[in-house]
Amino acid sequence: MGEFKVHRVRFFDYMPSAIRAMAFNRQSERLAVARADGAVEIFNFSDNYFQEKVIPGQDSRAVEALCWVDQRLFSGGLNGEITEYDLENLKPRYTVAAYGGPIWTISSNNQGTMLALGCEDGTVKMFEVLAEKVQFQRNFDRQKGRIISLSWHPSGTLIAAGMMDMIRVFDAETGHATHRLLVERGVGASKSREVVVWSVAFLSDHTIISGDSAGKVQIWDGVTGTLLRTHLVTKWDVLALSVSQDQSSLVAGTSEGTVIQFQLISSTVGQQDKEWVRTRTFKNHSHDVRALAHTETAVVSGGMDTQLVVRPLLDKVEKNTQESSLRKIVFPHRSLVCCAKKAGLLLFQFPEHLELWRLGESEGHGKPGDSLTVKTKPEKLIQLKRKGEDHICCSALSPCGGWMAYSTVSSVRLYRLQYNNNNIGITKVSRLPKDLCSVHQLCFSSDSSKLFASSSHSSVIVVALNQQECTYLHTLKPKSSSRQPVHLLFASEDGKWLATANTDCEIHIYNLDKLKLHCTVPVYSSYPTAIAIHPLTSNLVVVHADQQIFEYSLEKKEYTEWSRKLQKLGLHSLWLERDTPVTHITFNSRNPAHIILHDMFMFCIIDQSLPLPEAKTLLYNQMTLRSVPEPERIRHSHAFKICKNFQHLLCVRLLEDHSLVVVERPLLDIMSQLPAPVRQKKFAT
Amino acid sequence: MAALYEGYTLCGLVPAQNLSHSGIQGIEQERDSDHVVVTDSTRSVTLYKVSDQKPLGSWTVKQGQSLVCSAVFNSQTKEYVAVSDNRVIRIWKEEDILLDKAFKATVSSDVWRVHCVHGGEPVVLFQRGAVRLLDSLLSAPQQPIEEILVQEEAIRWSTNIVAETQQFVIFTTEQKGDHFLYLQRLNPNTLQRYRLEREEPGLGPLSFSASYRDKHIHLLYLYPNGHVYQSVVSVRGLGTEEGTQALPLPRSLLLSLPVGEGLLEAASAMVLDEAHVAVVGVPHPSAGAGKDFLCIWNTNFQTLQAGKEMAGKIYGQLWCYSNKLFIPHGKTLSVIPFVCPKSSLASALGKLKQAKTEEKAQPSRTVETRKTVCWLTTAPVEDVEKEVEGLLSRSDIQDLQPSVGQLVSVLVSRSLTDPAFYTPSTLAQLVHTQCLCHSVCPDLVLLALEKKDYFLCQLCLQFFPDIPEAVTCACLKAFIRNEVLQTAYSDNFLLPHLKDLSSQHVVLFLQYLQFLYLKYSQDAFPQMHGLRSPSLTQIMDWVCLVLDAHFTVLVMTPEAKGLLLNLHSFVKSQVRLVSELGKIEGSLQELNKMKVNKDVGQYSIEIIELF
């Protein structure tokens with residue numbers, strides 16, 4: 001196989017943002033997650049928890065609560081506004097001010113007709129959900145103290161509201177408070193501090209469950225307004241609650257990073273009376289658990305430590321299956337790094353800015369396992385702060401390193417870069433075609449003469465670049481009527497093909513010479529997570545969220561022989577069990593049979609000339625191969641060369657000089673930048 | 001083993017001027033075992049919560065009036081009953097604030113005491129021996145009260161006991177040196193009179209204690225000569241015919257407590273359970289005279305189970321409520337929790353056998369020891385040595401401690417009084433048993449010093465765990481040896497005593513310490529020194545202490561100058577060595593760290609090989 005020189009990069013200080021809120025849509029099995037920077041992410045739980053959509057954040061938008069109404073997603077934030085999201089164009093559709101100060105919580109009734117908001121000024125505000133907007137209907141009786149949490153009774157006639165030191169039950173018809181449930185404060189020093197009811201849940205049998213800042217989970221009788229049971233679960237706060245759909249199980253998230261499950265069971269065998277019994281404690285977080293979702297089979301939790309954790313409930317899933325293993329989602333399922341392989345440059349994308357780095361150079365030679373002397377250190381050439389309030393959603397660097405572009409939901413910016421020895425000139429291209437305003441993905445052609453930008457309805461805008469200006473050429477449109485955004489773009493090395501993949505799982509191939517659609521790859525049920533076109537054979541390689549690999553001949557418009565062989569034999573079970581998606585594919589121009597791809601924990605060179613690994617074959621066989629004498633290696637070799645030397649990978653690329661670039665972001669480095677794992681002080685408490 | 005725990009103070013006392021009386025008239029249990037009513041000898045009644053050491057309420061009669069007896073608590077009615085000015089019965093509740101406004105009734109005869117067992121009905125005992133239930137008395141307060149006692153007969157002590165369902169008032173009287181016991185049964189009323197056997201002429205019982213078990217009333221009484229007798233009266237055959245004729249009361253000697261010289265003055269013995277007796281005011285057998293102890297004795301084995309020195313004068317008063325002893329001493333009333341586990345009584349059958357054989361051997365030994373002790377006070381030196389050797393050789397080691405303690409204190413006190421008498425080998429032998437400590441025979445070390453018996457001193461220093469710092473210093477003064485350095489001490493207590501050493505002594509001592517230190521620090525094989533040599537740190541600690549105590553004096557003393565300079569340069573070189581070692585340690589640790597941190601670069605270019 002051979003030796004590689006590897007640029008091991010650890011200077012990308014990528015820092016995920018803390019998870020602030022989440023909402024699970026049981027119908028579509030989509031989880032919406034809001035982060036502290038205002039970004040909203042959609043994960044598809046029916047397709048390997050793939051992060052299918054990301055709506056970038058905005059400086060002024062602090063999302064405090066999320067709510068699905070049917071397939072529409074709403075958020076409320078401390079800026080006092082309700083936002084509905086456009087999930088097709090990945091941006092806010094509109095915002096409406098609630099005029100009640102910061103919004104702490106937002107909740108819809110089961111019928112999906114009303115939104116209830118809990119506001120800082122002590123009002124519960126009702127908004128009617130209309131086809132194209134939400135409209136203010138009325139305020140409930142104003143209370144002293146902010147409304148922190150809300151929960152509708154499933155019938156839609158009552159609402160429980162968590163406040164400071166108490167829970168109020170409102171009649172949703174009249175807007176009058178019907179009950180006042182006093183929540184006890186903590187003991188000792190915290191006695192003097194108001195207790196915050198961070199979360200409430202109103203069950204069909206009129207049981208109200210509350211979680212508060214004194215560390216209690218309390219069960220109330222909502223009919224009489226009496227306290228039934230108190231579970232003291234933590235010294236700190238109980239921040240989040242979530243109830244299963246059948247209302248037989250409940251989870252509570254605490255500041256200690258624990259998630260505690262309660263189940264409605266009879267405490268003595270054979271007895272009819274059921275009560276809420278504390279059953280399990282999960283500790284998968286180091287910091288506050290701020291958001292929870294109880295799905296049919298799992299508990300989903302997230303918080304300060306930025307990780308999204310899917311913890312299956314082992315009584316609900318079959319043991320030893322993919323479904324039964326714990327998932328931690330730390331990195332985004334898309335690439336934040338762009339590599340100019342001819343120039344040896346790396347572009348790092350942050351929400352706030354871009355960083356352009358030049359790789360270092362080495363001196364002399366070494367044998368495998370050696371570190372070479374770094375002659376020239378890597379250098380940060382440019383740090384470019386974005387303009388405006390909106391966060392960066394995508395960015396691109398041309399292979400020659402001469403062009404750089406980024407986009408927010410509202411605008412695209414293009415820069416011309418010039419290198420004169422040690423001086424770097426950066427010029428903003430002033431007049432961009434007006435079509436180039438809201439794009440989801442950016443990509444340069446390999447000769448840096450064109451910029452491709454994916455736009456609404458899966459269309460791609462093609463722009464021609466020359467020394468001074470850029471001109472609009474064409475808009476490529478698929479034949480399908482899909483309204484979904486394109487999340488992957490790939491321009492072939494020879495400049496002839498452009499491949500796009502959208503969140504309807506469609507892959508379209510355009511002929512750039514003719515500027516028209518060449519073909520559409522047969523739709524596979526799982527999301528494409530990475531696509532690439534081979535520079536010599538013009539075969540399209542696609543890897544999906546379920547880890548399947550396909551190779552499709554663009555010339556013959558059919559799957560290749562190798563692809564069929566792979567499908568017939570099936571991928572190795574260990575390959576399928578990996579729980580992070582492949583986010584990039586590249587090829588080795590020295591050896592056309594090589595496909596290089598990576599996920600978070602490994603990179604793999606697939607040698608198409610070697611036999612495929614069978615079920616009984618050792619998949620991770622590099623150690624074995626290393627230990628056996630050379631003549632014997634061929635006997636043990638198979639197509640999948642997996643290297644796990646580098647971990648928590650954000651990027652693996654092959655430069656033109658055939659050296660590899662790996663960008664690592666060790667999770668320990670992320671952990672070390674988090675605040676100390678103590679109770680987080682939340683605003684206004 | 002019975003044990004006395006760390007006590008605590010319930011309240012302060014105002015004892016009589018001449019310390020003849022504690023100032024407490026009585027302590028009675030209130031609503032539960034944690035509440036008691038304390039009646040002082042003049043005017044006031046105070047309710048305490050024992051575990052909180054806190055008074056909950058207090059009631060006082062007017063100036064000029066006085067309380068006759070201990071106030072009692074009637075738990076049925078939640079009322080307190082007390083008697084003032086001999087004839088006025090007062091009844092009040094906890095919420096009553098002023099005693100004067102509470103219920104009062106004047107009766108027609110002088111009252112001796114009111115008794116009330118917990119849960120029972122109060123009973124009034126009149127000075128002339130008549131008994132009435134409080135209720136029936138109050139129904140007609142002025143009813144005539146008969147006289148039971150004859151002229152010149154007076155009540156000395158009384159109590160109230162419930163035996164099964166029968167309530168008894170028990171009291172003792174004295175008439176011209178004769179003592180009588182009266183058993184008054186209530187409902188139906190019967191009275192029985194017994195005559196106590198006479199002890200040595202002129203001796204009357206110091207204290208009584210009555211208990212009821214196995215259908216018998218057990219009366220325990222202590223005489224000033226240390227004898228504790230028990231008399232048992234069946235409650236069954238009682239009072240079929242009422243008669244004033246006094247029956248003789250059979251008694252058995254339960255314990256013969258050592259009283260030292262003279263007779264006991266203020267002492268009392270109290271039954272704790274069938275096998276244990278608490279005794280106060282009797283000297284500890286091995287603690288010498290002049291100390292007041294509270295002890296628990298096992299009456300089956302006649303062994304001392306636990307002892308506790310009580311600071312201040314003991315008044316011979318003692319009360320016991322549910323595993324707590326209440327004892328006034330000096331100017332405080334202390335509460336001392338205790339346990340008397342039953343298991344030691346060999347409740348299990350297997351153990352019972354063992355206990356029985358022990359029981360046989362034990363009294364013989366104590367008797368023998370007691371005999372020896374008497375004999376020791378007169379016998380010549382050679383015989384004493386022989387006798388003690390014999391006693392030690394034939395006895396098993398178990399339970400040696402009391403006898404050894406007793407022997408040593410006798411020998412020591414004899415040696416102190418009789419300058420011709422000294423038995424170094426015997427004492428050495430006894431110290432060698434390792435059953436002794438300084439507190440058992442406080443005079444031994446000083447005696448040895450006086451007799452210049454350094455060998456014995458050395459032994460004591462080696463074996464005694466509790467030598468006071470003052471004595472250690474006395475030893476230091478007398479001779480300077482290894483053993484002194486090894487004894488346990490506390491800086492704070494030692495320092496003031498060290499200051500008593502003269503400067504010549506200090507210089508000598510420092511020289512010796514320096515010699516030891518140099519010898520040790522040059523010696524490559526410290527383990528060769530053996531058990532009896534002090535460790536290097538012990539030497540250093542002593543150097544520091546001696547310097548601390550005498551620094552100014554030493555600076556002024558010309559002959560100490562060389563010594564101090566030597567010590568200074570020595571210490572300086574040691575400090576330098578340590579700091580150099582510290583540097584080496586630091587750099588070695590740094591090396592260790594570098595190895596770990598090798599990979600944590602921001603950027604590296606590496607060669608890998610895939611197969």
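In the predicted model, strand β16 (residues 166-171) of chain A is joined by five bridges to strand β17 (residues 177-182) of chain A, and the two run antiparallel. Within this pairing, Val169(A) stands opposite His179(A) of β17(A). The two strands form a hairpin with five residues between them, and Gly175(A) in the turn has a positive phi of about 80 degrees. Strand β15 (residues 158-162) of chain A also pairs with β16(A) in the antiparallel sense, again over five bridges. Here Ile159(A) has Phe170(A) of β16(A) as its bridge partner. The hairpin of β15(A) and β16(A) has three residues between the strands, and Asp165(A) takes a positive phi near 65 degrees there. Strand β16(A) thus pairs with β15(A) and with β17(A). Five of the six residues of β16(A) are buried, so this strand is largely enclosed by the rest of the structure.

A strand of chain B was examined in the same terms. Eight of the ten residues of strand β15 (residues 166-175) of chain B are buried, so β15(B) is largely enclosed by the rest of the structure. Ten bridges join β15(B) to strand β14 (residues 153-163) of chain B, with the two strands antiparallel. In this pairing, Glu153(B) has Gln175(B) as its bridge partner. The hairpin that β14(B) and β15(B) make has two residues between the strands, and Glu164(B) adopts a positive phi near 55 degrees. Strand β15(B) is also joined to strand β16 (residues 178-186) of chain B, by nine bridges and in antiparallel fashion. Phe171(B) is matched there with Tyr182(B) of β16(B) as its bridge partner. Two residues lie between the strands in the hairpin of β15(B) and β16(B), where Lys176(B) has a positive phi near 50 degrees.

Strand pairing also links the two chains. Strand β33 (residues 361-363) of chain A and strand β34 (residues 371-376) of chain A run antiparallel and are joined by three bridges. Glu361(A) stands opposite Thr376(A) of β34(A). Strand β34(A) is in turn joined by two bridges to strand β30 (residues 603-610) of chain B, and these strands are likewise antiparallel. Across the chains, Ser371(A) has Glu606(B) of β30(B) as its bridge partner.

Charged side chains were considered next. Side chains of opposite charge can pair when their charged atoms come close. The structure holds 42 salt bridges over all chains. One of them is formed by Arg93(A) and Glu84(A), whose closest N and O atoms are 3.3 Å apart. Arg93(A) counts as partly exposed because its relative accessibility is 39%, whereas Glu84(A), at 1%, counts as buried. Lys216(A) and Asp212(A) form a salt bridge with the closest N and O atoms 3.4 Å apart, and both of these residues are buried. In chain B, the side chains of Glu199(B) and Arg251(B) meet in a salt bridge with an N to O distance of 2.9 Å. Glu199(B) lies in the loop between β17 (190-196) and β18 (207-213) of chain B, and Arg251(B) in the loop between β21 (247-249) and β22 (252-256) of chain B, so the pair ties together parts that are 52 residues apart in sequence. Glu199(B) is buried, with a relative accessible area of 11%, while Arg251(B), at 22% relative accessibility, counts as partly exposed. Salt bridges with shared partners also join Arg8(A), Arg10(A), Glu664(A) and Glu606(B) into one network. Glu606(B) is the residue already described as the bridge partner of Ser371(A).

Two patches were found on the surface. A patch of positive charge gathers Lys479(A), Lys496(A), Lys514(A), Lys516(A) and Lys557(A). Lys479(A) is placed in the loop between β43 (470-476) and β44 (486-491) of chain A. Its relative accessible area is 75%, so Lys479(A) is exposed. Arg483(A) is also found in the loop between β43 and β44 of chain A, but is partly exposed, with a relative accessible area of 44%. The C-alpha atoms of Arg483(A) and Asp504(A) are separated by 8.6 Å, although these residues are 21 residues apart along the chain. The second patch is nonpolar and consists of Leu577(B), Leu581(B), Ile584(B), Leu588(B) and Leu591(B), which together have about 500 Å² of accessible area. Of these residues, Leu577(B) lies in helix α13 (residues 561-596) of chain B. Leu577(B) counts as partly exposed, at 47% relative accessibility.

Terms used
Residues are numbered from 1 along each chain as its sequence is written. Chains are lettered from A and ligands numbered from 1 in the order in which they are written. This is a predicted model: local features need pLDDT of at least 70, side-chain atom pairs count only at pLDDT 80 or more; totals for chains, interfaces and linings use all residues. Side-chain values use heavy atoms; hydrogens and water are left out. Buried means under 20% relative accessible area, exposed over 50%, partly exposed in between (1.4 Å probe, protein chains only). Helices (H or I, at least four residues) and strands (E, at least two) are DSSP runs, numbered from the N terminus. Two strands pair if DSSP finds at least two bridges between them. Patches are made of residues with over 30% relative accessible area and no salt bridge: like charges are joined within 9 Å, nonpolar side chains (Val, Leu, Ile, Met, Phe, Trp, Tyr) within 5 Å. Accessible areas come from the Shrake-Rupley method with a 1.4 Å probe; for residues, only the protein chains shown count as cover. A salt bridge is a side-chain nitrogen of Lys or Arg within 4 Å of a carboxyl oxygen of Asp or Glu. Lys and Arg count as positive and Asp and Glu as negative; His and the chain ends are not counted. The place of a charge is taken as NZ of Lys, CZ of Arg, CG of Asp or CD of Glu.
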